[in-house]
Amino acid sequence: MFRTSLLARAALAACLLPALPAAQAQSFPEKPITLVVPHSAGGTSDILARTVAAEAAKTLGQTIVVENKGGANGTIAAKQVATSAPDGYTLLLATASTHGINPSLYSRISYDAVKDFTPVTLLATVPNVLVIGKQVQASNVQELIAFIRSQGDRINMGSAGAGTPGHLAGEMFKSAAGLQFTHVPYKGGSPAITDLIGGQIDFMFTTIPGVLPQVKAGALRALAVTSPQRSPAMPDTPTMAEAGLTGFKAVSWHGIVAPAGTPDAVVARLNQALGGALASPAVKQRLMEEGAQASPAVKQRLMEEGAQASGLSTAEFGAFIQAEIAAWAKAVKDSGATAN
C-alpha cells in the first residue's frame with residue numbers, strides 16, 4: 001500500500017512538471033529584465049536598445065535594464081547571455097558581428113550563435129555608409145576608385161576594428177573594384193572617425209548614426225550607402241549599386257535573442273512586446289533619425305533580397321541569422337581576417 005502511494009505521488013508529480021514552466025511563463029515577467037548590449041554606451045546599438053526597451057517595458061510592466069558589455073567584437077556579451085538562466089530575464093542585443101561575422105572570424109569562439117540561443121525578433125537593419133575625409137579628391141564612388149588607383153597603396157581605410165562590418169565592407173569594396181589600400185583598425189568607431197576628420201586616414205565604412213552629424217556639418221563627405229535601397233536618413237546619398245558596384249550589400253542589423261531553452265511562452269511574450277514597441281510612431285521616428293529601419297518596415301525588402309526575415313516571427317528570425325552567418329562567411333574568407 002505504501003509503495004503504491006509513493007508511485008502514485010511520483011506519477012502525479014511527473015504530470016504536473018510540464019505545467020510549471022507554462023504557469024511561470026503566464027506570469028512573466030515578475031522582475032526587471034536585463035538586456036546586454038555588446039557595445040559601449042552612446043553608439044548605434046546602445047541607442048537602439050534603449051529606445052526599444054523603454055517602449056517594450058510599458059507593455060511588459062517591468063523595467064528593461066540595458067547593460068553595456070563591450071569587448072572582443074561582442075563575444076564577451078554573447079557568452080554571458082548564452083550561459084545565463086533560460087528564463088527570459090537575460091537577453092542579448094544580437095548584431096551582425098555576434099550572430100553573423102564572429103562564427104567565421106574566430107577560430108575558437110566561446111559560444112554557438114545558433115545552438116546557444118533562442119531567436120526572439122529582428123529589431124532593425126542599419127546600412128553602412130562610405131565616407132571620405134575632406135582631403136580626398138573625390139565627389140562620388142567612381143572618382144574615389146580612380147583616386148585610390150592613382151595613389152597606389154598610400155591610401156588608408158579606417159575601421160572600428162578587424163572583422164567588424166565596416167572592415168568587411170571595405171574588403172568587399174577592394175575586391176569588387178580591384179583596389180589596393182591599407183586597412184587601419186581602431187578600437188571603436190569614434191577614434192576612427194576623429195582621425196578621418198583629421199586626415200590621418202582617407203575613408204571608411206561605418207554606420208550612418210556615427211557620422212551623420214559630421215556629414216551634415218561638412219566635415220566628412222558621404223559617397224554611398226551599402227544597403228540595396230537608399231536610407232531615409234540620407235535620401236540624397238546613392239547606394240553602392242547605383243554608384244556602379246552592382247550587388248554590393250553590407251548591412252548591419254540588431255535583434256534580440258535569449259539563452260537556448262527559454263520557454264516558448266516567454267519568447268512569445270517578449271516577441272509581442274518588442275513588436276509592439278517597433279510599431280510605435282515615436283520609436284519609428286527615433287530609429288529613422290539614427291539611420292535605422294524598424295524590422296516590420298523592412299520585412300518585404302529583406303524577403304525580396306532572399307532572407308527569410310520578419311520582425312514578428314521568431315522562426316524567420318532564426319532563419320535570417322543562419323543566412324547571415326553564411327553570407328558573412330565569404331566576406332571573412334575574402335578579407336583574410338581572423339581572431340583567436
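Helices (H or I, at least four residues) and strands (E, at least two) are DSSP runs, numbered from the N terminus. This is a predicted model, so to speak of local features we need pLDDT of at least 70, while side-chain atom pairs count only at pLDDT 80 or more and totals for chains, interfaces and linings use all residues. Residues are numbered from 1 along each chain as its sequence is written, and side-chain values use heavy atoms, with hydrogens and water left out.

**View A. His 99 sits in helix H5 (residues 97–105).** His 99 has 0% relative accessibility, so it counts as buried (under 20% relative accessible area; exposed is over 50%, partly exposed in between, with a 1.4 Å probe and protein chains only). Its side chain makes a polar contact with the side chain of Thr 98 at 2.9 Å. Polar contact here is a pair of N or O atoms within 3.5 Å; within protein, one must be able to donate a hydrogen and the other to accept it, and residues adjacent in sequence count only if both atoms are side-chain atoms. Skip the neighbours within four places in sequence, and the residues in contact with His 99 (heavy atoms within 4.5 Å) include Phe 117, Trp 253, Val 257 and Glu 324.

**View B. Helix H6 (residues 141–150) and what covers it.** The buried residues of H6 are Val 141, Leu 144, Ile 145, Phe 147 and Ile 148. Looking down the axis of H6, these fall within an arc of 165°, so they line one face of the helix; the arc is that of the directions from the helix axis to the C-beta atoms. Their cover includes strands S4 (117–133), S7 (203–207) and S8 (220–225), plus helix H7 (165–177). At the N-terminal end, Asn 140 acts as the cap, with a side-chain oxygen 3.2 Å from the backbone nitrogen of Gln 142. After H6 comes Gly 152, with a positive phi near 65°.

**View C. Salt bridges within helices H3 and H7.** The whole structure has four salt bridges, each a side-chain nitrogen of Lys or Arg within 4 Å of a carboxyl oxygen of Asp or Glu. One of them joins Lys 58 to Glu 55, with the closest N and O atoms 3.2 Å apart. These two are three residues apart in H3 (residues 44–60), about one helical turn. Lys 58 is exposed at 63% relative accessibility, whereas Glu 55 is partly exposed at 21%. In H7, Glu 171 pairs with Lys 174 at 3.8 Å between the closest N and O atoms. Those two are again three residues apart, but here both Glu 171 and Lys 174 are buried.

**View D. A salt bridge inside one loop, Arg 230 to Glu 242.** The side chains meet at 3.0 Å, N to O. Both residues lie in the loop between S8 and strand S9 (251–259), so the pair ties together parts that are twelve residues apart in sequence. Arg 230 is partly exposed, at 35% relative accessible area.

**View E. Strand pairings, parallel and antiparallel.** Strands S5 (residues 156–159) and S6 (residues 182–185) run parallel, joined by four bridges; strands pair if DSSP finds at least two bridges between them. Asn 156 faces Thr 182 across this pairing. S4 and S8 pair in the antiparallel sense over five bridges, with Val 129 opposite Val 225. Five of the six residues of S8 are buried.
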